[in-house]
Structure formats: structure tokens, C-alpha cells
Amino acid sequence: MSKNHLLIIVALAIVFGLTACEPHSVATSPLLTPVSPLPTAAPLPSSTWTPTATCTPRPTLPVPTSTFIPTPWPAFTQCPTPAPGGPIGRIIFSGCGEHEMLRSEPGCTHTSLYLINSDGNGMRQIYEGIGTISDLQLSPDGTKLAFSDSYYIDIGEQRYSSGRGYVLDLATGQARPVTPDSTSQHAWALRWVSNELLVYAGRTIEAADSSSNVYLTDVHGEEWHRQLTDRQVGRTSILDIAVSPDRTQLVFAEFVLDSETTTVYRVNIDGTGLRELITYPAGTRVVNVAWSPAGDQLVFYPVPMGFAGSILNLV
């Protein structure tokens, strides 16, 4: 090959090399548009929510205060000092007999009834008791006083707890027994039904297993009395009696000595419809029963035997 031909070949190679090194653009097809584009997201809901149903709003609770305010005790009004020339009432109470006030031993073997003016003057004895006077009950018209006088009696070689019920006329100062003789029946817990009638608890003296019952009597004496209940459950003691405000019913608490249980009963004033209301467990005595002024509720005062505390029960 001649020298000229070699130079031409080298020159062509250089030209082709430079052309291959020059920058150039590569034709590419554009991105295809997807057939199903992504859906546009729905806008977020607003902050205000509208319920689809009606709801009952919750009650607003009271906000506790930081300061505790205790419930005040009821106010007590002291008895006013009687003014000179003002009205003076009378107070009846039982206390030791006059001849026992000088005794050095505590207590007394029998008590008496005294009358004193509300100003503290004019005290006088109006009845001298045989034993222990209790259950003072003023008649509805305020003219008579019923009470029981309890004591021990000896029959043969046995000693029994006994006593009678009395009604004292406050105008005349005369006391009249209104229950049977104390050698046959022990009477206590006299309660007024009217100005003429009373109920009381009684038990046969000599029957060791006799039950206490409720009796009806009048103010004219011990000749007339009627037994309202017929309890035959062993030796029992009626602890209290209460007459309803309308004078048609009474309740009484009966303590059974063998089981040491107390049961409260309700009965009509004529002795019908005896109904048991509540029985307390052994070892409990109901010392008081009472009606509400409207006569629709009862209050019981049970006391555990041998325990100084107590609880009121409302029925």
C-alpha cells in the first residue's frame, strides 16, 4: 500500500472517532398515561360533628367545693324562767318516799308521786306508793294520770313480782286501782285509749309458765276488764305497748324468756287481727315502740342484752 493511501485511512478513522464521542440525545417514548388514574382522595370531614340520632345529654355533676360545710345540729330552746305574774304549769314526777330520803343506802324500796310548779315552788306529795312507780301516762284531756305500782309479794314460800295499775284524779288527788288484785295478776304498761279506757299488760301471778297478755279496762275500777290477746307461748313479758293515733290499733313487744327473742305484734283495739311485724334475734329486747303522728309508720327501740348501745328501727 502506498503512503498516500495509509494517510487517508488514518484520517477517516479519526473523523469517525470524533463523531462517536460527541454528545447526542437518545429518543425515548414518553410515559404512558395510565388507563385508570389513582382516585382523588376525599376531603377530610370538618371538626364539627353532626349526630344522626338525638341523644339525651348527661346530667351535669355538681362541682365539689373545697370547703366542707357540716349539717348544723338542731337548735335547742331552753325552758324560759317563769316571769313574775306569768303562767305557771305543773310537773308530776316519781321519786323516793319522804321517809326514805334520809336513808344512807343508795336507792329506795318504794317511790311516791310528787307535784311541783314549773317555777320550782310548791312541791308536795300526791300519792305514796307501795313499790316502784313507773309508766306515768297523762290522759288525753289532762285530768287524770295512769301509772303502775310494782313490788314483790310472797305466796306460800314463793316470791313473785307483782303490781297494780292505778288512775289518779288530779283534781281530787284520789287514786283508784283499775286492774285486778295484785295477788292474782301482775299489771304494768298502762296506756290510754280514750279518757275512759286504757290497755295494759298483765300476767297471772302463780302460773310459772304463764304468758303475758294485753287487757282492756276503764277508769272506774278493777271490776271490769277484758282480755284482748291469748298468748300461750310459755313465760313471756310484754315490754311496751303503743296505741295508734286514731285509737283503732295497738302494737306491743313480747319477750319470750326461754328463747330470749322479742317479737313485735299489731292487733286491733278489739283484739282481732293479731299480726306479727318483726322478730329480733336472741338476746335483743325492744324496750320501746311508738307510732308516727300520722299513724303510717312505727319506730322500734331494740337494745341488745348486756350492751349499752341501741339502734332505732323505722318500719
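This is a short walk through one protein model, from its confidence to a few local details.

Keep in mind that the model is predicted. So, confidence first. The protein averages a pLDDT of 75. Of its residues, 64% score at least 70. Where is confidence lowest, and where is it highest? The low end is helix 1, residues 3-21, with a mean of 47. The high end is strand 14, residues 261-268, at 95.

Look also at residues 6-68. The pLDDT there is below 50. Beyond near neighbours in sequence, that stretch has two contacts in the model. Where pLDDT is low, the predicted coordinates should not be read in detail.

Now to strands 2 and 3. They run antiparallel, and four bridges join them. Together they form a hairpin, with six residues between the two strands. In the turn, glycine 120 has a positive phi of about 90°. Across the pair, leucine 115 stands opposite arginine 124 of strand 3.

Stay with that loop for a moment. Methionine 123 lies in it, between strand 2 (111-117) and strand 3 (124-128). Which residues join Met123 in a nonpolar surface patch? They are Ile91 and Phe93. The accessible area of the three together is about 270 Å².

Last stop, proline 302. This residue is in strand 17, residues 298-304. Buried or exposed? Proline 302 counts as buried, because its relative accessibility is 7%, and the cut-off for buried is under 20%. Threonine 284 is 18 residues away along the chain from proline 302. Their C-alpha atoms are separated by 6.3 Å.

How values were computed:
Residues are numbered from 1 along each chain as its sequence is written. This is a predicted model: local features need pLDDT of at least 70, side-chain atom pairs count only at pLDDT 80 or more; totals for chains, interfaces and linings use all residues. Side-chain values use heavy atoms; hydrogens and water are left out. pLDDT is the predictor's confidence in each residue, from 0 to 100. Contact means heavy atoms within 4.5 Å. Patches are made of residues with over 30% relative accessible area and no salt bridge: like charges are joined within 9 Å, nonpolar side chains (Val, Leu, Ile, Met, Phe, Trp, Tyr) within 5 Å. Accessible areas come from the Shrake-Rupley method with a 1.4 Å probe; for residues, only the protein chains shown count as cover. A salt bridge is a side-chain nitrogen of Lys or Arg within 4 Å of a carboxyl oxygen of Asp or Glu. Buried means under 20% relative accessible area, exposed over 50%, partly exposed in between (1.4 Å probe, protein chains only). Two strands pair if DSSP finds at least two bridges between them.
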